[in-house]
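Student: I am new to this structure and should be grateful for a close look at a single part of it, the place where the chains meet.

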Amino acid sequence: MDLKALKAQESKRKISKGYMWALFCAVFWGIWYLPGTVVWVLNPFDEMYSAIAETGGDGTALIITAVLITAFNALTVMLALMLWNGVLGKYGELGRTLKEFHPCSKWFFLASIFGGPMAILGSFIAMGFIGGAFAAVAALLYPVVGSVLAYYWYGEKISRRAAIGIGVIIVGGVTIFGGGLLTELSSGNVQWIGYLGGLMAAAGWGIEGAIAGKGLDISEPDVGLTLRFLGENIIWWIIIVPILAIVGYPMYSFALQAFEPFTMLVLIFAGITFGFCYVCWYKSFPLIGVGRGQGIGNLYGLFAIIFIFLFFGDVPQWTILVGGTLCVIGSFVMFTEETSALETLRGE
Amino acid sequence: MGKNRPIKFRILELFLDGEGHWNYEIVSKIQEEYDMKSAYGRDSINFDIIELASGGMLKDVEQKVDEKGIYKKDFLLHKYVITDFGKVRGSDACIRYV
């Protein structure tokens, strides 16, 4: 075969593999909202919620319960990723990368602060208070946060096309948040904390992406992601959960009760789907580019709505459907700008 | 230096001389240094190089067909050079140890 044919073949192989990984990411990410929503009504989390609500009020109860759920989510993601690294034979590389604190792992630990206590906790709060479809679609705003941050932080230019995409996503965001708020304002009962959770998810993931990129581009993504979740586990299990326990919330007694077969099964399901959605996401980037990877990955919002409909029979409000569609369209406009730049994504 | 640093650091370091290097040269050097002699090890190192290139740290400057099977018969071989961005990131990660 000649050089030209081989080049075409190689790039075709790369692109089809890349789209496959990105699509897997979207499917796993969308599925994650199923265990994430179900876990709220399972023991011990429902009991924990009502026990704390009796003395501390609904809002506090929800946040404290969300902390414990997020902590377990981090733990099961970590288990899934350790298994994954074991299969790939990457424990050696894991140790080598962990030791490089200054150039590398500090970025993962910093990223985990925004990814964990902000984005994932916010998502669980939004799922608990408003619902899985809202939580999924609200987080679609994250690219706006990410690109604004990159603009101020590393002076990355926002092209006209990206700006149009951002505009479309923001209109989508206003529809998603505004639609729900209007209905609730008229009934006089606004779930402010749930909306705040949705905003936390979008802001947290946007910031996490901008920070984690600095460590990920010089490490292996499988390893980098594991370190990012190591950071999150430290935050939850060594810092926040013990502090809440000292303040007097029954964290440990309820945490121990989570080791019930069905609850564990749902938590492990959450860990596997979430862990692999991250892995697939990063695998797609070198093959089709960060832009296309994120664009396809954002289809998760629609997958989440479809899965929630199939499994729970919930039809979301029309504002969520319209807003979610706008966000996905916006992310395609924003991300798929340079068609010729498949080989090198960043400027030289 | 050798095998106590993350693989991508070492790859960048090898490119920091500013010369063009073929992927098979880098891959077999890393395979040797990190004791990753299986076909899986080879492909995983090559994927690291592809990732570095897609991150804008290396640039693919030349390709040729592997007719003799020095790397993988009838596949493409790629020659890369480090970019300015790669030099910055590579120096952040590597220079202080040199």
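Tutor: The following describes the interface of chain A and chain B. This is a predicted model, in which local features need pLDDT of at least 70 and side-chain atom pairs count only at pLDDT 80 or more, while totals for chains, interfaces and linings use all residues. Residues are numbered from 1 along each chain as its sequence is written, chains are lettered from A in the order in which they are written, and side-chain values use heavy atoms, with hydrogens and water left out.

Chain A brings 34 residues to the contact and chain B brings 36, contact being heavy atoms within 4.5 Å. Together the two chains bury about 2,900 Å², with 57% of it on carbon and sulfur atoms; buried area is the accessible area (1.4 Å probe) that two parts lose on being put together, summed over both.

Across this interface there is 1 salt bridge, that is, a side-chain nitrogen of Lys or Arg within 4 Å of a carboxyl oxygen of Asp or Glu. The salt bridge joins Arg5(B) to Glu100(A), at 2.7 Å from N to O. Between the chains, 7 residue pairs are in polar contact, both residues at pLDDT 80 or more; such a contact is a pair of N or O atoms within 3.5 Å, and within protein one must be able to donate a hydrogen and the other to accept it, while residues adjacent in sequence count only if both atoms are side-chain atoms.
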